[in-house]
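Reader: I'd like a close look at one part of this one, please. Could you walk me through the salt bridges around a single helix, and how exposed or buried their partners are?

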Amino acid sequence: MAVESEKAVQIFLKIGLDERTAKNTVANNKVTKNLLTVIDEAGVAEGCERAVGNLVYMVATKFPANALVHRPVLLQYIVALKIKTPAQLDAAFAFLSDTASETLKVEEFEEACGVGIEVSLGDIEKTVNDIFEEHKNTIVEQRYRTNVGELFGHVRKRLPWADPKIVKQLIDTKLYALLGERTAADNEKPVKKKKEKPVKVEEKKAVEESPAPKPSEEDINPYAVFPQPEENFKVHTEVFFSDKRPVLRACNSKKVLEKHLRETGGKVLTRFPPEPNGYLHIGHAKAMFVDFGLAKERNGGCYLRYDDTNPEAEKKEYIDHIKEIVNWMGWEPFKITYTSDYFEELYKLAVELIRRGHAYVDEQTADEIKEYREQKKDSPYRDRPIEESLKLFDDMKRGMIEEGKATLRMKQDMQSDNFNMYDLIAYRIKFTPHPHAGDKWCIYPSYDYAHCIVDSLENITHSLCTLEFETRRASYYWLLDALDLYQPFVWEYSRLNITNTVMSKRKLNRLVTEKWVDGWDDPRLMTLSGLRRRGVTSSAINAFVRGIGITRSDCSIIRLDRLEHHIREELNKSAPRKMVVINPLKVVITNMEVGTVMDLDAKKWPDAQADDLSSSYKVPFSNVVYIEHTDFRVKDSKDYYGLSPGKTVLLRYAFPIKCTDVILGDDKETVREIRAEYDPLKKTKPKGVLHWVGEPSPGVEPLKVEVRLFDKLFLSENPSELDDWLGDLNPHSKVVMPCAYAVPTLHNATVGDSFQFERLGYFTVDKDSTSDKLVFNRTVTLRDSYAKGGR
């Protein structure tokens, strides 16, 4: 193998590739095979000019595979120096891609590629001079910060076949002639000017026009990367075989694509295909955003398809949950289907696969199959006669073979570089009733067999999934090609990984079943039902997902505070303010008459107008109020703004109070009660402002509620990487405060209502609430480190 690689390197060096590119190329079997084939077709195995070799390399890596019949012709044009520049070659690719396998119209091809057109040095100089004259003022102002690429683009627009090296040299020369030597200032990074604070004008505010803000990451269309359905004739992927089979260039024929477009009306059809074996988590929110979002953006439809091929793990509870959560997330399925709806068609296609010699019944055990696959060894049953496999598969279907004694395997490529081509299992025996299909079947298709076929049967235009499925592309298209079925466009995007949590269904299931958490909807989990119970809105989740985008970068883990930022952004606009004391400390105001109760106005919204009665609520102020234990210290300090002996603070919406005495417990350390005096005229102006709750009437306790404080479930940012990941659970991820006090107006709060508890965070009424006692979950704290630290 090393000798073959060295031979390939020597050939690549002969066509002018540099040594680094040559060695990088042979590290990729796919590109190496392609390039050697193209070199042979071009007849340049013994060497050629470097410029020609670079274009040959581009042909090997970028040529449209739906037009392979025309590749030798293009190579003749390159070798004959009729096509000499990358711009000409790009034009050729575009022309040939549209032509596909149809007859090549030579005159149109040559015109499209600029064959025979010679652009003189004088033409280029004149064009460069014209463009510099047109943009002179901007160039002089921006100096060496001028975007040279834009200048290059202007030249190329007027002279598409000009030699790019000459264009670049002339632009650089012209810049130097106009601007002279670079100065130190040219090399400095531009300093962003701070925005000036607007000047306050009492009588009238001057309205100045300001440029429209740049679109935020949430406003950018994340679906622009996806092609239209009518473009689905291009090659999806190339499957290389270890034997002498030709490379499989998976694509739809013109006839197949036309039939598909007739059946769909040219509409985009996607699918969201969850397995009903657990609750959906925030990673599924991204999948929904991609699948449903693309369909909505293109005025198409998205199937909600239950991928129910494993009856042992599936429950109706999960099926109902998935439908409910999809609706809660704001998505409306085009149609709800089940993979089990297609069991009959899948079975018939499996029979056809056997008849075509592409599948066989294997009687190895699961362990034997695993061992043989690891050793890349063919099953001893791989070459059994077709009729024998058909008979045994029928026996499997009729329940005549024991569970685990036989499987149907696809006859793919056991020597492939891709593990997912090692004769994957298509059907296995399971004597288990199906939650949707009942007890009709005792054989069930695998994901690898069923998924691509159902995509095809449902005329899915875009089959979108996460990057770990990328290696399954070969198997996906191999099977559709083997059965002559329509092939959807497949695209993989990065998984959504968030710090301080786990996303694996297996790990989530273990947390739930072993009671490390309080069920699938525990507010500490990143399940969508857990987030909903915690008080997170679906719009905040969708904004978060849209913000991170749907790229193919798979090496990042998103910080939890980024999600929390979007949650705060949403709740800040929708959650009214209230006052709640979660760890009450009694304060007796000694200079206020016992029995006196004042109804004071408190604001639901900080920016509300004073005369807007709907934006305020009443809070009772009496001679007994409660503040947070953490807002009192026996010893004061300069950086402390809470209450201390002899110190004054302001009770929000009420009056300043001054601590006059401290009542301690029997241990002479625990603070039991505070005595204070209030300033009814508000003459004092303390710095500290505290929230509080007062007794609504003499001797009557305030409204008692339970408050649950939630924090990160795991201490480490990436607990999934730990061997003892359960040992990383945060022991303080849930703290229950059973005796908090709330303002009276919270009495009417109902399950799901959200509020901002002043100075404490955002809270939501939990489903555990009763008519006797409300329970609040903290959704998120007020502090937003993500917004402060930059995005």
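Author: Let's start with Arg-532, which is partly exposed in this predicted model, its relative accessible area being 28%. Its side chain meets that of Glu-324 in a salt bridge, at 2.9 Å from N to O. That pair ties together distant parts of the chain: Arg-532 sits in helix H22 (residues 528–534), while Glu-324 belongs to helix H15 (residues 316–328), and the two are 208 residues apart. Glu-324 counts as partly exposed too, with a relative accessibility of 40%. Both values lie between the 20% and 50% cut-offs, so neither Arg-532 nor Glu-324 gets called buried or exposed.

Now take Arg-533, also in helix H22. Here the partner is Asp-766, and the closest N and O atoms of this salt bridge are 2.6 Å apart. Again the link joins distant parts of the chain, with Asp-766 in the loop between strand S26 (761–765) and strand S27 (774–780), 233 residues away from Arg-533. What about burial? Arg-533 has a relative accessibility of 15% and counts as buried. Because buried means under 20% relative accessible area, Asp-766 at 0% falls in that class as well. The Arg-533 to Asp-766 contact isn't a lone pair, either: salt bridges with shared partners join Asp-521, Arg-533, Glu-706, Arg-708, Asp-766, Lys-767 and Asp-768 into one network.

For another pair to set beside these, look at Glu-231 and Lys-234. Their salt bridge has its closest N and O atoms 3.6 Å apart, which fits within the 4 Å limit. Glu-231 is partly exposed at a relative accessible area of 29%, and Lys-234 is partly exposed at 37%. By the same rule, the count of salt bridges comes to 53.

One last stop, away from the charged pairs, is helix H14 (residues 282–297). Its 16 residues should span 22 Å at 1.5 Å a residue, and the end C-alpha atoms are 21 Å apart, so the two figures agree. Of those 16 residues, 14 are buried, so H14 is largely enclosed by the rest of the structure. Just after H14 comes Asn-299, with a positive phi of about 60 degrees.

Conventions:
Residues numbered from 1 in each chain as written. Predicted model: local features only at pLDDT ≥ 70, side-chain atom pairs only at ≥ 80, totals over all residues. Heavy atoms only, no water. Buried < 20%, exposed > 50% of the residue type's maximum accessible area, 1.4 Å probe, protein only. Helix = DSSP H or I, 4+ residues; strand = E, 2+ residues; numbered from the N terminus. Expected span 1.5 Å × (residues − 1).
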